[in-house]
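Student: Please take a close look at one part of this model for me. I would like the ligand site and what surrounds it, in one connected account.

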Amino acid sequence: MNNSALQAENMPQLIFLGPPGSGKGTQASLLKKRLNYHHLSTGDLLRHEISTKTPLGLKVQSIMATGNLVSDEIVIELLQTHCKLSDGKYIFDGFPRTVVQAQMLQKDVLTGANSLAIEFKIQMDILLDRIVNRRTCPKCSSIYNIKYRPSRDGNYCENQSCAGAELIHREDDKENVVVKRIEVYQENIRPVIEFYSKLGNLRQVDGMLDGEIVFESVKKMFV
Ligand code: AMP
């Protein structure tokens, strides 16, 4: 099925679960470009708060610098502010990370809407290599990798609409923080995955495969 044949009403709200570097952000960019999904990444929203030096940003900066999770109250409020389901289909990327967040998403945001939780499976030992070489566009959040998928434009984003934005190496993509983020993910995610498994809407993809192959597997889940 090609992209245009996919009816918007058949497209579920998508919840992406996976450790940093498992390919969630890459798939979210593709789904946004090709199927008009809204990409809602709580990590991106928090980084925006930090870069614009809001009171919330100042509060979470030191927590994020260590790789620990920000409180449920903060991320839930941020999500509610930035998500309006009447605007279309969303990808929740990096949210939920705890059962409290999952319950809130289900009860207060999705309220019965058709949704799928997709777990990105990946071997933990290759994550570090993926993330420390990752470079991100600060404008559109496109993800590159200096080893495996460098930008055609060197250290600048390829997307014309970003007008040559310089790619960044996120502070929390540096090795010592990444190790902690992976640990924190592993400590917290099991009950969240069980939550979706019990609901019967958990699916899995192999995050080690090429991005285009993963994209096709995700799309096939809609029909
Ligand atoms: P990410 O870009 O999704 O890897 O998130 C970067 C950082 O933002 C995480 O290491 C956490 O400190 C914080 N963060 C993002 N999303 C959440 C969330 N749903 N719950 C708690 N903390 C979060």
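Tutor: What follows goes from the ligand outward to the neighbouring helices and loops. The model is predicted.

Start with the shell. It holds 16 residues around the ligand. The closest are Thr42, Asn68, Gly94, Gln101 and Arg181. By class, the shell has six nonpolar, five polar and five charged residues. Helix α2 supplies the largest share of it, four residues.

Next, the polar contacts. Arg181 places a polar side-chain atom 2.7 Å from an oxygen atom of the ligand. Backbone atoms also take part. A polar backbone atom of Gly94 sits 2.9 Å from a ligand nitrogen. For Val70, a polar backbone atom and a nitrogen atom of the ligand are 3.1 Å apart. How much of the ligand does the protein bury? Alone, the ligand exposes 480 Å², and the protein buries 96% of that.

Now follow α2 away from the ligand. Two packed helices are described by the angle between their axes and the distance between the axes. Helix α2 covers residues 42–51, and helix α4 covers residues 72–82. Their axes come within 10 Å and cross at roughly 95 degrees. An angle of 65 to 115 degrees counts as roughly perpendicular, so α2 is roughly perpendicular to α4. On the α2 side, the contact uses Thr42, Leu45, Leu46 and Glu49. On the α4 side, Ile74, Val75, Leu78, Leu79 and His82 meet them. By class, that contact has six nonpolar, two polar and one charged residues. Thr42 therefore appears twice: among the residues closest to the ligand, and in the contact of α2 with α4.

Two loops deserve a backbone check. Most residues other than glycine have a negative phi, and most peptide bonds are trans. Lys53 lies in the loop between α2 and α3 (55–66). Its phi is positive, near 55 degrees. Pro96 lies in the loop between β3 (90–93) and α5 (99–110). The peptide bond from Phe95 to Pro96 is cis, with omega near 5 degrees.

Technical notes
Residues are numbered from 1 along each chain as its sequence is written. This is a predicted model: local features need pLDDT of at least 70, side-chain atom pairs count only at pLDDT 80 or more; totals for chains, interfaces and linings use all residues. Side-chain values use heavy atoms; hydrogens and water are left out. Axes are lines fitted to C-alpha atoms, for helices over the stretch in contact, and angles run from 0 to 180 degrees between N-to-C directions. Angles under 35 degrees count as roughly parallel, over 145 as roughly antiparallel, 65 to 115 as roughly perpendicular and the rest as oblique. Contact means heavy atoms within 4.5 Å. Ala, Val, Leu, Ile, Met, Phe, Trp, Tyr, Cys and Pro count as nonpolar, Asp, Glu, Lys and Arg as charged, and the others, Gly among them, as polar. A residue is near a molecule or strand if one of its heavy atoms lies within 4 Å of it. A polar contact is a pair of N or O atoms within 3.5 Å; within protein, one must be able to donate a hydrogen and the other to accept it, and residues adjacent in sequence count only if both atoms are side-chain atoms. Accessible areas come from the Shrake-Rupley method with a 1.4 Å probe; for residues, only the protein chains shown count as cover.
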